[in-house]
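Me: Please take a close look at one helix of this protein chain. I would like its faces and its packing described.

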Amino acid sequence: MIDWLSYIILAIVQGLTEFLPVSSSGHLVLINALFPFDSGLTFDLVLHVATLVSVCIFYWKDICKLATGGVLELHHILLVYLVILLEI
């Protein structure tokens, strides 16, 4: 099991690199290779779910407007679809 500092480092790396055009797990694998800890699959899964939840919270108004048929500008709609696609 890794310590809390390792969890914090991995969470910061996840948050800073989530929207970069790389694999969503690639940066975690790289950090695990560079530092002497292994986060494990369960922690990686929790980290990705937390990222998805935080993105949904951030875009909640746009998601609600889309779900209720509200009219958004085209770039808002494309942005929401892009975020959903990137999180899958």
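Reply: What follows looks at helix α3 and its surroundings.

This is a predicted model: local features need pLDDT of at least 70, side-chain atom pairs count only at pLDDT 80 or more, and totals for chains, interfaces and linings use all residues. Residues are numbered from 1 along each chain as its sequence is written, and side-chain values use heavy atoms, with hydrogens and water left out.

First, the setting. The protein chain has 5 helices and 0 strands. Helices (H or I, at least four residues) and strands (E, at least two) are DSSP runs, numbered from the N terminus. The order from the N terminus is α-α-α-α-α. Of the 88 residues in the protein chain, 30% are buried (under 20% relative accessible area; exposed means over 50%, partly exposed in between; 1.4 Å probe, protein chains only).

Now α3 itself. The helix covers residues 40–58, 19 residues in total. At 1.5 Å a residue, α3 should span 27 Å (1.5 Å times one less than the number of residues). Its end C-alpha atoms are 27 Å apart, which agrees.

Next, its faces. The buried residues in α3 are Phe43, Asp44, Leu47, His48, Thr51 and Val55. They cover an arc of only 135° around the axis, so they lie on the same side of α3. The arc is that of the directions from the helix axis to the C-beta atoms. Thr42, Leu45 and Ile57 are exposed, on the face of α3 turned away from its buried side.

Then the packing. Two packed helices are described by the angle between their axes and the distance between the axes. Helix α1 (residues 4–17) packs against α3 at about 45°, with the axes 11 Å apart. That makes α1 oblique to α3 (angles under 35 degrees count as roughly parallel, over 145 as roughly antiparallel, 65 to 115 as roughly perpendicular and the rest as oblique). Axes are lines fitted to C-alpha atoms, for helices over the stretch in contact, and angles run from 0 to 180 degrees between N-to-C directions. The crossing of α1 and α3 is right-handed (the near helix is turned clockwise from the far one by less than a right angle; anticlockwise is left-handed). Tyr7, Leu10, Ala11 and Gln14 of α1 contact Phe43, Leu47, His48 and Thr51 of α3 (heavy atoms within 4.5 Å).

Helix α1 also meets α2 (residues 26–34): their axes come within 10 Å and cross at roughly 145°. Leu10, Val13, Gln14 and Thr17 of α1 touch His27, Leu28, Ile31 and Asn32 of α2.
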